[in-house]
Amino acid sequence: MLKLRYAGNIVLISSNKLLRDCIDVVLSAEIPDHKVHLFSNIAEWHLVSSLYTRVHLIIVYEGANMDVARALVSARNNDRDIPILVLSNADDAASIVQAVDLGAKGYVPSSLDVADLLQAVRCLMTGGTYIPADMKPGQQPWKSLTPRQLSIVAAIRLGKTNAQIGQEL
């Protein structure tokens with residue numbers, strides 16, 4: 001019987017080579033049963049995405065040169081079941097809500113450490129969602145959100161799916 005070397009694949013899309021390489025080293029060491037595939041942009045990923053099976057997570061670094069909305073919409077390449085984790089330099093509530101509204105299952109600002117990134121990756125790969133613990137509704141960054149947006153964020157923090165949130169709201 002043929003034994004597969006990897007249980008699945010993780011796709012990392014970022015124009016920042018240093019960031020890609022560093023995250024690759026960390027994920028390869030901490031989640032050795034998944035192969036990490038690095039791409040510098042969405043177009044590069046789309047050229048070969050049909051060749052990949054068992055993609056369990058797509059990580060998109062939303063840097064200065066990437067439109068997060070376009071990236072989230074197109075990164076999945078029409079596969080709605082693959083969770084998307086957004087890494088970003090922005091740590092404001094509006095950016096987090098925008099990413100979630102566009103379909104991200106998790107959001108990790110660059111102000112957090114590697115342990116938080118690994119927690120987010122593991123959470124999304126097991127079907128959960130991730131928003132940083134220090135981004136709790138009621139703190140200053142959340143003051144600009146509507147009550148509905150705050151309800152959505154609270155439900156995500158509880159690990160509820162988009163379908164469950166939609167039914168409740």
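A salt bridge here is a side-chain nitrogen of Lys or Arg within 4 Å of a carboxyl oxygen of Asp or Glu. In this predicted model, the side chains of Asp 21 and Lys 17 meet that test, with N to O at 2.9 Å. Both residues belong to helix 1. They sit 4 residues apart, about one turn of the helix.

**Salt bridges**

The structure holds 2 salt bridges. The other pair is Glu 30 with Arg 122, at 3.5 Å from N to O. This pair links distant parts of the chain. Glu 30 is in helix 1 and Arg 122 in helix 5, 92 residues apart.

How exposed are the residues? The table gives relative accessible area for three of the salt-bridge residues and for two aromatic ones.

| Residue | Relative accessible area | Class |
|---|---|---|
| Asp 21 | 29% | partly exposed |
| Glu 30 | 41% | partly exposed |
| Arg 122 | 38% | partly exposed |
| Trp 45 | 2% | buried |
| Tyr 52 | 25% | partly exposed |

Buried means under 20%, so Trp 45, at 2%, falls in that class. Tyr 52, at 25%, does not: it counts as partly exposed.

**The sheet**

An open sheet of 5 strands runs in the order 2-1-3-4-5. Its pairing is parallel. Which strands stand at the edges? They are strand 2 (34-39) and strand 5 (106-109). Each has a single partner strand, so one side of each lacks a neighbour in the sheet. From one strand to the next, the twist averages 20°.

Strand 1 (residues 8-13) and strand 2 run parallel and are joined by 6 bridges. One contact in detail: Ile 13 has Phe 39, in strand 2, as its bridge partner.

**Helices on the sheet**

Helix 1 (residues 17-30) lies across strand 1, strand 2, strand 3 (55-62) and strand 4 (84-88). Its direction is at about 175° to strand 2. Helix 5 (residues 114-125) lies across strand 1, strand 2, strand 3, strand 4 and strand 5. It runs at about 160° to strand 4. The Glu 30 and Arg 122 salt bridge joins these two helices.

**Aromatic residues**

There are 3 aromatic pairs in the structure. In one of them, the rings of Trp 45 and Tyr 52 have centres 5.6 Å apart. Their planes meet at 45°, so the pair is tilted. Stacked would need under 30 degrees, and edge-to-face over 60. Phe 39, Trp 45 and Tyr 52 form one aromatic cluster. Phe 39 also ties this cluster to the sheet, as the bridge partner of Ile 13.

Key
Residues are numbered from 1 along each chain as its sequence is written. This is a predicted model: local features need pLDDT of at least 70, side-chain atom pairs count only at pLDDT 80 or more; totals for chains, interfaces and linings use all residues. Side-chain values use heavy atoms; hydrogens and water are left out. Rings of Phe, Tyr and Trp (its six-membered ring) pair if their centres lie within 6.5 Å; planes under 30 degrees apart count as stacked, over 60 as edge-to-face and the rest as tilted. Buried means under 20% relative accessible area, exposed over 50%, partly exposed in between (1.4 Å probe, protein chains only). Two strands pair if DSSP finds at least two bridges between them. Axes are lines fitted to C-alpha atoms, for helices over the stretch in contact, and angles run from 0 to 180 degrees between N-to-C directions. Contact means heavy atoms within 4.5 Å.
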